[in-house]
Amino acid sequence: VPMVAPGNVQVHVINSTLAKVHWDTVPLKTVRGHLQGYKVYYWKVQSLSRRSRRHIEKKILTFRGNKTFGMLPGLEPYSSYKLNVRVVNGKGEGPASPDKVFKTPEGVPSSPSFLRITNPTLDSLTLEWGSPAHPNGVLTSYILKFQPINNTHELGPLVEIRIPANESSLILKNLNYSTRYKFYFNAQTSVGSGSQITEEAITIMDE
């Protein structure tokens, strides 16, 4: 098997889900056989928004031939990763380079996990929601948009409300009675808005 590990391993983080890794080729005489390529082992150490450590799953990408760089796609935003590089010949893999740590930046969050609308009255509705399963960063706020729908399914004016990220419910007041409303709800990080979920609910006709 090869005798030495690739040196001068560098990681360039391109965005929240993609990184580029560089290394120096090993001297051909240390390969001790036919150089087949390089293998990059990489794994997520932890999410930076949730401190829980879980089963660590190592991933391997093989770059054929005498390459000196490779792309690592499909990374999770706002996470800490480690990687190392090994040279491969027909017999197997050489030793691993020292582990290199890198961090991905924040991304946009996934949609809130649920949106429930309860307690209809003449002029109010109560909204409850769950935080995104994948915040992909630090949540800065929730954005609620809503508009009335009339009997011919035309949409009325859109109202937008920004809600602090630590809230999980809201009572909407001063609504019209016996009116159907459509709601659009999403979470935000400093990078931008995540995907939204929609719901509809009706205020009651009379007490």
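**Warm-up**

Does arginine 116 count as buried, exposed or partly exposed? At 44% relative accessibility, arginine 116 counts as partly exposed, where buried means under 20% relative accessible area, exposed over 50% and partly exposed in between (1.4 Å probe, protein chains only).

Before going on, note that this is a predicted model, in which local features need pLDDT of at least 70 and side-chain atom pairs count only at pLDDT 80 or more, while totals for chains, interfaces and linings use all residues. Residues are numbered from 1 along each chain as its sequence is written, and side-chain values use heavy atoms, with hydrogens and water left out.

**Exercise 1. Find the partner of arginine 116 and place both residues.**

Step 1. Side chains of opposite charge can pair when their charged atoms come close. The rule here asks for a side-chain nitrogen of Lys or Arg within 4 Å of a carboxyl oxygen of Asp or Glu.

Step 2. Arginine 116 meets this rule with glutamate 128, their closest N and O atoms being 3.7 Å apart.

Step 3. Arginine 116 sits in strand β8 and glutamate 128 in strand β9, twelve residues apart. Strands are DSSP runs (E, at least two residues), numbered from the N terminus.

Step 4. Glutamate 128 is partly exposed as well, at a relative accessible area of 28%.

**Exercise 2. Describe the salt bridges of lysine 39 and lysine 44.**

Step 1. Start from the total: the count comes to six salt bridges.

Step 2. Lysine 39 pairs with glutamate 93 at 3.1 Å, N to O. Lysine 39 belongs to strand β3 (residues 35-47), and glutamate 93 to the loop between β6 (79-89) and β7 (100-103), 54 residues apart. Glutamate 93 is partly exposed, with a relative accessible area of 25%.

Step 3. Add Arg86, and you have a network of salt bridges that links Lys39, Arg86 and Glu93.

Step 4. Lysine 44 pairs with glutamate 76, with 2.5 Å between the closest N and O atoms. Because glutamate 76 lies in the loop between β5 (69-72) and β6 while lysine 44 is in strand β3, the pair ties together parts that are 32 residues apart in sequence.

Step 5. Now look at burial: lysine 44 is buried at 15%, whereas glutamate 76 is partly exposed at 34%.

**Exercise 3. Work out the surroundings of serine 124.**

Step 1. Serine 124 lies in the loop between β8 (112-118) and β9 (125-132), and its relative accessible area of 11% makes it buried.

Step 2. Its side chain makes a polar contact with that of threonine 121 at 2.7 Å. Such a contact is a pair of N or O atoms within 3.5 Å; within protein, one must be able to donate a hydrogen and the other to accept it, and residues adjacent in sequence count only if both atoms are side-chain atoms.

Step 3. Leaving out residues up to four places away in sequence, serine 124 touches Asn119, Ile171, Leu172, Lys173, Leu175 and Thr203, contact meaning heavy atoms within 4.5 Å.

**Exercise 4. Characterise the interface between domain 1 and domain 2.**

Step 1. The domain assignment gives domain 1 (5-102) and domain 2 (110-200), and their C-alpha centres lie 42 Å apart.

Step 2. Four residues of domain 1 are in contact with six residues of domain 2.

Step 3. About 400 Å² is buried between the domains, 51% of it from carbon and sulfur atoms. Buried area is the accessible area (1.4 Å probe) that two parts lose on being put together, summed over both.

Step 4. On the side of domain 1, Arg50, Pro77 and Tyr78 supply 78% of the area buried against domain 2, more than any other three residues.

Step 5. Finally, the count of salt bridges between the two domains is zero.

Conventions: Domains from an automatic or database assignment. Helix = DSSP H or I, 4+ residues; strand = E, 2+ residues; numbered from the N terminus.
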